[in-house]
Amino acid sequence: MWTRVSNKPVGWNREEIMFVTGHGPFPSYLLRFNLRTHDNCSCGEKGDPIHYATKCPFTLSWHFQTPTVSLKLQWLKNILTNNFSRTRLRLLMRFICDENNLIVEDNN
C-alpha cells in the first residue's frame, strides 16, 4: 500500500515540527549524537516526544490522552488539526525547551 505525499504547505511552526519529527531537546534524539549517555527523562522513562506529551510527571499540565500504537499517526493528525490541541502542544514544547535542565537527567 502506497501513501500519497502532498507538497501543500501545512503551516506548522517550529515547536510543532520539533514534536512531530522528534528533533529537539529530547534525550531520545540527543543520544543519537552522543550528546547524552542515555535516553532517559529525569523521571526514569524514555524521553521521547510521546512520553512528554502523555506520561511525564513534569509536563502534567499539557498531557494528551495516550495513543495506542496502531493509532499513533491518527492521534498526531488529530492534535495538529485542532487549534486548541496545537496551542497546548506549542506550550508543552516551549516548557520543554525552557526548562530542559529540569526534565532531562544529565549524567555526562
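This passage describes the salt bridges of a predicted model, together with the surroundings of one serine in helix 5.

Four salt bridges are counted in the structure. A good place to begin is with Glu16, Arg86 and Arg90, which are joined in a network of such bridges. Within this network, the side chain of Arg86 reaches that of Glu16 with an N to O distance of 2.8 Å. Arg86 belongs to helix 5, which spans residues 83-98, while Glu16 belongs to helix 1, which spans residues 14-21, so the bridge ties together parts of the chain that lie 70 residues apart in sequence. The side chain of Arg90 also meets that of Glu16 in a salt bridge, again with an N to O distance of 2.8 Å. Here too the pair links distant parts of the chain, with Arg90 in helix 5 and Glu16 in helix 1, 74 residues apart.

Solvent accessibility adds to the picture of this network. Glu16 has a relative accessible area of 0% and is therefore buried, as the cut-off for this class is under 20%. Arg86, at 14%, is buried as well. The bridge between Arg86 and Glu16 thus pairs a buried arginine with a buried glutamate.

A further salt bridge is found between Lys55 and Glu45, whose closest N and O atoms are 3.6 Å apart. Lys55 sits in the loop between helix 3 (49-54) and helix 4 (72-80), and Glu45 sits in the loop between helix 2 (27-30) and helix 3, so this bridge ties together parts that are ten residues apart in sequence. Both partners fall between the limits of under 20% for buried and over 50% for exposed: Lys55 is partly exposed, with a relative accessibility of 45%, and Glu45 is likewise partly exposed, at 35%.

Returning to helix 5, it is worth pausing at Ser85, which is also found in this helix. Ser85 has a relative accessible area of 12% and is therefore buried. Leaving aside residues up to four places away in sequence, Ser85 is in contact with Phe64 and Ile79. Helix 5 thus holds Ser85 as well as Arg86 and Arg90, the two arginines that are linked with Glu16 in the salt-bridge network.

Notes. Residues numbered from 1 in each chain as written. Predicted model: local features only at pLDDT ≥ 70, side-chain atom pairs only at ≥ 80, totals over all residues. Heavy atoms only, no water. Helix = DSSP H or I, 4+ residues; strand = E, 2+ residues; numbered from the N terminus. Buried < 20%, exposed > 50% of the residue type's maximum accessible area, 1.4 Å probe, protein only. Contact = heavy atoms within 4.5 Å.
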